Amino acid sequence: VRSAVSRSSSSNRLLTRTFATESVPERKVAVLGAAGGIGQPLALLMKLNPLVSKLALYDIAGTPGVAADVGHVNTRSEVTGYVGEEQLGKALEGSDVVIIPAGVPRKPGMTRDDLFNINAGIVKSLCTAIAKYCPNALVNMISNPVNSTVPIAAEVFKKANTYDEKKLFGVTTLDVVRAKTFYAGKANVPVAEVNVPVIGGHAGITILPLFSQATPKANLTDDTIVALTKRTQDGGTEVVEAKAGKGSATLSMAYAGALFADACLKGLNGVPDVVECSFVQSTVTELPFFASKVKLGKNGVESVLDLGPLSDFEKEGLEKLKPELKASIEKGIQFANAN
Ligand code: NAD
Ligand code: LMR
């Protein structure tokens, strides 16, 4: 930790410097949709992350208040709120990581694909701005339907000649977080020690947790594995129904989004062996995008890892999810090219 702390006359600078170290590079993170249900707690969690030096909070309304509030937390990053499209460029400029939780959430009875008509346009316009103002940033896409919004982003970047497949991520971390929680409950093991890869996509049966690879190992019955798989696939719906019309997961999503962004920052900073599941451009199956374990490095995706051995139940789940995932990917590509 820098010794300059005692030389600082401003308490603000003092607090900033307390958290700065010579070895931690400057990193700017932008959150688009920062005044929303996910955006606000995510802004707070990113403010708590010592790897962040600048935090840009953008939304179409409400960000000055969120930024003033979060900005009082005595951690390293400098927080700025940006509101309205005319300020989007400034929010994005110089960003290393852009997190996108902008868009409408589900209500009971809706699928994630029912959000397509509104969210596809939002994602397209935000990605057009990313291509212009921070084409080298890692993009963490949270907005649903992720199975389509990630392909939309890729097409927008391709058209702008800025596409780098190593830098575009669909955030599926919440599926992993849920799979770990539910598995720990049934396996009776400490949740903090649990690892479960989740592959495929981020909607219903396209979410495929690989409990056969879960650690610590536990002797669970086939029926328990089937139930755990279904609960993980329906985790989002469980929250949507419990919130009864007031939206979908926000707090657990903010946690998951902060975990994933932290992994991206660690990768950028050269921390070795950072591995998270994410929905990325992929050749592990015949589908052009697929979620699986990804090694993160200084340029984003360093490598997409193999799926590893699957149980017969998982092999069946994999074949079943492919048509739906393929259709969602194609829908996104078609939208981006038609509009
Ligand atoms: P919310 O309605 O509470 O917040 C969305 C925010 O986006 C609002 O503040 C709104 O003003 C803002 N917004 C709308 N248009 C915008 C634009 N053009 N530019 C910038 N901001 C804009 O919704 P929420 O609960 O925060 O959910 C946001 C999205 O995240 C939804 O699409 C939801 O389905 C998705 N989600 C994804 C996951 C996942 O695991 N990937 C988990 C939970 C929610
Ligand atoms: C989730 O998994 O919680 C999100 O995708 C939100 C939703 O609509 O379920």
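## Close-up views of a helix and two ligand sites

**View 1. Helix α11 has a kink of about 35° at K322.** The proline P323 follows shortly after this kink. Please keep in mind as you look around that this is a predicted model. Helix α11 runs over residues 312-338, which makes 27 residues. From its first C-alpha to its last, α11 reaches 40 Å, close to the 39 Å expected at 1.5 Å a residue.

**View 2. Here we look at the buried residues of helix α11.** Which residues of α11 are buried? They are E314, G317, L321, L325, S328, I329, G332, F335 and A336. Their packing partners include two helices, α5 and α6 (146-159). The buried residues of α11 also pack against the strands β7 (198-200), β8 (207-209) and β10 (289-297).

**View 3. Ligand 1 sits in a shell of 32 residues.** If you would like to find the closest ones, look for G33, G36, G37, A102 and N144. Helix α5 (residues 116-133) gives the largest share of this shell, with 3 residues. Sorted by class, the shell around ligand 1 holds 18 nonpolar, 12 polar and 2 charged residues.

**View 4. Ligand 2 has its own set of surrounding residues.** Try locating P105, R106, R112, N144, L174, G235, G236, V239, V240, S248 and A249 around ligand 2. Which helix supplies the largest share of this shell? That is helix α9 (residues 235-243), with 4 residues. The shell around ligand 2 is made up of 5 nonpolar, 4 polar and 2 charged residues. You may recognise N144, which also appears among the closest residues to ligand 1.

Key. Residues numbered from 1 in each chain as written. Chains lettered and ligands numbered in written order. Predicted model: local features only at pLDDT ≥ 70, side-chain atom pairs only at ≥ 80, totals over all residues. Near = placed C-beta within 6 Å. Nonpolar A, V, L, I, M, F, W, Y, C, P; charged D, E, K, R; others polar. Expected span 1.5 Å × (residues − 1). Bend = angle between axes of the 7 residues up to and from the residue. Buried ≥ 20, exposed ≤ 12 C-beta atoms within 10 Å, placed from the backbone. Contact = placed C-beta atoms within 7 Å.
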